[in-house]
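Hello,

Here is the structure I promised to pass on to you. Have a look at it first, and then read on for what turned up in it.

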Amino acid sequence: MSLQAPRGTRDILAPDSARLRALVEAFASAAELAGYGQVVSPMFELIEVFRRVGEATDIVSKEMYQFRDPGDRHLALRPELTASLARAFVQHRPTLPWKAWYEGPQFRYEKPQAGRFRQFNQVGAELFGSDDPQADVEVIALAWRFCTGLGLRKLRLAVNSLGDRADREAYLAALAAYFEGRSAELSAQGRETLGRNPLRLLDSKRPEDRAVVASAPVIDDYWSEAAAAHFGAVLAGLEALGIPFERNQRLVRGLDYYRRTAFELASDALDGAQDAVGGGGRYDGLVADLGGPDTPGVGFALGVDRLLLACDAEGVFPAPSGAADVFVVDVTGGGEATLLAEELRRTGVRVQRAFDGRSMKAQMKAADRSGARWALLVGDDELADGVVSLRRMRGHEATASGESIQRQIPRAAVAAEVARLVAGSTGDGSTQ
Ligand code: AMP
């Protein structure tokens, strides 16, 4: 059998790769509008970085790609970026608040299915150094503005507060006691989850577990006054911005480091099992867990692959056109095409050409397929006369200018003429 990409990974070819890049660029603009600067951190870290932040979560305990390097360092491919950014924060101690955005692949050994990969891309942002509820609002608003800016409409924002560390611990104890009392009614997997982390049972999809979860204690009853006030201010801030949200008392998120605000964005255009496009929250204990000074933080990550699936389902954010402006058809051997193509590309014109001395007919067919609006034809006659024939391709005829389908231009004037045409052609009604 021929070699294939590893299970759960994919090659992303053009034009999908151009669409992915466009999405990342859109995120960069949205984040930089709000004063976030990009951080490019390593794709692998000492395994400690992830262990310290979430020993009890599947992502850390079961799904990490870990290895020893030749220097016997125990490393892991990053399963997410918040821990890496917290590590970078501790290492560099930037001035506060530190606002950082990122993008790139993450690695999790999960069961691959539609919208779930072992290597997937995320974009995200983190704000370190403020526990102001307005910081939570800013971060959520960035995620919302970006997603809606892609054209997505069927989005749901769910928010919750997990309280402070002590609130969360008291809640966890109450939950554990409650679930243990009813453990006979849980699914076998549910009982196993209970042993590891009772919080995780709250988002179990199994019907037996759900029935028990329905009357489980709710976090609201365990909030400290300060945590309740903080959450109230976050919700008021979202309302003031007109960002629609729903309160979900069972939203706990997959990692253990969250305190106070937790949120998730889901798309109703996606299949129910994998409808989360992103999530985040506040992680006020994380920097201290990594050995830094006690520093609050709030942020989120969005799944790029899922966002693009949601865009497909809603018919928005198409791939940018990869069409050429010009196709050079050279039937004199191909050297002229090389010269012309290079000359035009130096002026910023998108040029395609054929290779292998193919026939006029075959090259015209390729020109058609390339989506180019113009063909530049070089035949023996043109070469002898020092001209090039410029032809408008079918489907790209001039609308009002009365321009003829084909005309000759002096070879020396080609670059200027094509540049003029390309500059003037945007918005002339021709399909790109
Ligand atoms: P998480 O940090 O697990 O909440 O992930 C944030 C977002 O990344 C999720 O809402 C998904 O959109 C995306 N994501 C997480 N895991 C995967 C995966 N295995 N494949 C594709 N996307 C994922």
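Let me start with a loop: Pro97 sits between helix 4 (82–92) and strand 5 (98–107). The peptide bond that joins Leu96 to Pro97 is cis, with omega at about -10 degrees. Please keep in mind that this is a predicted model.

A cis bond also joins Ala14 and Pro15, where omega is about 5 degrees. Pro15 belongs to the segment before helix 1 (16–33). With a relative accessibility of 44%, Pro15 counts as partly exposed. As background, most peptide bonds are trans.

Now for the whole protein. It contains 15 helices and 16 strands. Along the principal axes, its C-alpha atoms fill a box of roughly 90 × 55 × 45 Å. The radius of gyration is 28 Å, whereas a compact globule of 432 residues would have one near 22 Å. Buried residues make up 51% of the 432. Among contacts with a separation of 6 or more, 71% are between residues 24 or more positions apart.

Two helix pairs are worth a look. In general, two packed helices are described by the angle between their axes and the distance between the axes.

The pair to view first is helix 5 (residues 133–149) with helix 9 (residues 225–240): their axes are 8 Å apart and they pack at an angle of about 40 degrees. The two helices are therefore oblique to each other, and helix 5 passes helix 9 in a right-handed crossing. From helix 5, Pro133, Asp136, Val137 and Ile140 take part, and they meet His230, Ala233, Val234, Gly237 and Leu238 of helix 9. Sorted by class, the residues of this contact are six nonpolar, two polar and one charged.

Next, try helix 12 (residues 335–346) and helix 15 (residues 414–425), whose axes come within 10 Å and cross at roughly 50 degrees. That angle makes helix 12 oblique to helix 15. Here too the crossing is right-handed, as helix 12 passes helix 15. Helix 12 contributes Leu340, Glu343 and Leu344 to the contact, and helix 15 contributes Val414, Ala415 and Val418. In this contact of helix 12 with helix 15 there are five nonpolar residues, one charged and no polar. Leu340 also gives a link back to Pro15: the two are 325 residues apart in sequence, and their C-alpha atoms are 25 Å apart in space.

Helix 13 (residues 360–370) deserves a stop as well. Its buried residues are Ala362, Gln363, Met364, Ala366, Ala367 and Ser370. What covers these buried residues of helix 13 includes strand 12 (326–330), strand 14 (374–378) and strand 15 (387–392). Gly371, just after helix 13, takes a positive phi of about 80 degrees.

Last come two backbone details. Most residues other than glycine have a negative phi. Asp356 is not a glycine, yet its phi is positive, at about 70 degrees. Asp356 lies in the loop between strand 13 (351–353) and helix 13, and counts as exposed at 75% relative accessibility. Arg260 also has a positive phi without being a glycine, near 55 degrees. Arg260 is part of strand 9 (residues 259–267), and its relative accessibility of 11% means that it counts as buried.

Enjoy exploring, and write back with any questions.

Best wishes

Terms used:
Residues are numbered from 1 along each chain as its sequence is written. This is a predicted model: local features need pLDDT of at least 70, side-chain atom pairs count only at pLDDT 80 or more; totals for chains, interfaces and linings use all residues. Side-chain values use heavy atoms; hydrogens and water are left out. Axes are lines fitted to C-alpha atoms, for helices over the stretch in contact, and angles run from 0 to 180 degrees between N-to-C directions. Helices (H or I, at least four residues) and strands (E, at least two) are DSSP runs, numbered from the N terminus. Angles under 35 degrees count as roughly parallel, over 145 as roughly antiparallel, 65 to 115 as roughly perpendicular and the rest as oblique. A crossing is left-handed if the near helix is turned anticlockwise from the far one by less than a right angle, and right-handed if clockwise. Contact means heavy atoms within 4.5 Å. Ala, Val, Leu, Ile, Met, Phe, Trp, Tyr, Cys and Pro count as nonpolar, Asp, Glu, Lys and Arg as charged, and the others, Gly among them, as polar. The radius of gyration is taken over C-alpha atoms; the globule rule is 2.2 Å times the number of residues to the power 0.38. Buried means under 20% relative accessible area, exposed over 50%, partly exposed in between (1.4 Å probe, protein chains only).
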